[in-house]
Amino acid sequence: GMDLPQGLPGFIGTVDEVFSRVSASLKDGRKYICGSPDMTAADITFAALAYPLVLPEEKAAVFVSWDDELPEGFRTEVRRRRETPAGQFV
């Protein structure tokens with residue numbers, strides 16, 4: 001299953017830190033993480049790696065969907081990330 005194992009708190013802390021840093025970069029209204037007028041490798045890489053932690057509705061048919069049977073702990077983490085500027089970016 002997708003239960004959150006006991007060793008995951010350190011991982012969650014690292015993910016929270018990255019989402020906080022990306023969110024801080026985006027809070028000034030910029031469209032892309034690095035503040036450039038065009039998308040960069042940083043934007044694509046962050047979105048690709050963060051995708052499973054946000055489960056964007058636009059791509060529900062591609063990967064695990066919010067509509068799938070997901071453990072409540074995982075749903076809580078996804079919901080929390082979706083609410084951040086970094087999650088909205090993804």
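The legends below describe views of one predicted protein model.

**View 1. The overall fold is built from four helices and no strands.** The chain reads α-α-α-α from start to end of the sequence. Its C-alpha trace spans about 40 × 30 × 20 Å along the principal axes. Of contacts between residues at least 6 apart in sequence, 61% join residues at least 24 apart.

**View 2. The largest nonpolar core holds 9 residues.** Its members are Val-15, Phe-19, Val-22, Leu-26, Ile-33, Phe-46, Ala-50, Val-54 and Ala-86. Two helices, α1 (9–26) and α2 (41–54), each supply at least two residues of this core. Helix α1 gives the most, with 4 residues.

**View 3. A close-up of Val-15 shows a member of the largest nonpolar core.** Which residues touch Val-15, leaving aside its neighbours within four places in sequence? Val-15 is in contact with Leu-53 and Arg-81. Val-15 itself counts as buried, because every residue of a nonpolar core must be buried.

**View 4. The protein surface exposes about 6,000 Å².** Carbon and sulfur atoms supply 57% of that area. Buried residues make up 29% of the 90 residues in the protein.

**View 5. Charged side chains comprise 10 positive and 14 negative groups.** How far apart do the centres of the two sets lie? The distance between these centres is 5 Å.

Terms used. Residues are numbered from 1 along each chain as its sequence is written. This is a predicted model: local features need pLDDT of at least 70, side-chain atom pairs count only at pLDDT 80 or more; totals for chains, interfaces and linings use all residues. Side-chain values use heavy atoms; hydrogens and water are left out. Buried means under 20% relative accessible area, exposed over 50%, partly exposed in between (1.4 Å probe, protein chains only). Contact means heavy atoms within 4.5 Å. Accessible areas come from the Shrake-Rupley method with a 1.4 Å probe; for residues, only the protein chains shown count as cover. Lys and Arg count as positive and Asp and Glu as negative; His and the chain ends are not counted. The place of a charge is taken as NZ of Lys, CZ of Arg, CG of Asp or CD of Glu. A nonpolar core is a set of buried Ala, Val, Leu, Ile, Met, Phe, Trp, Tyr and Cys residues joined through side-chain atoms within 4.5 Å.
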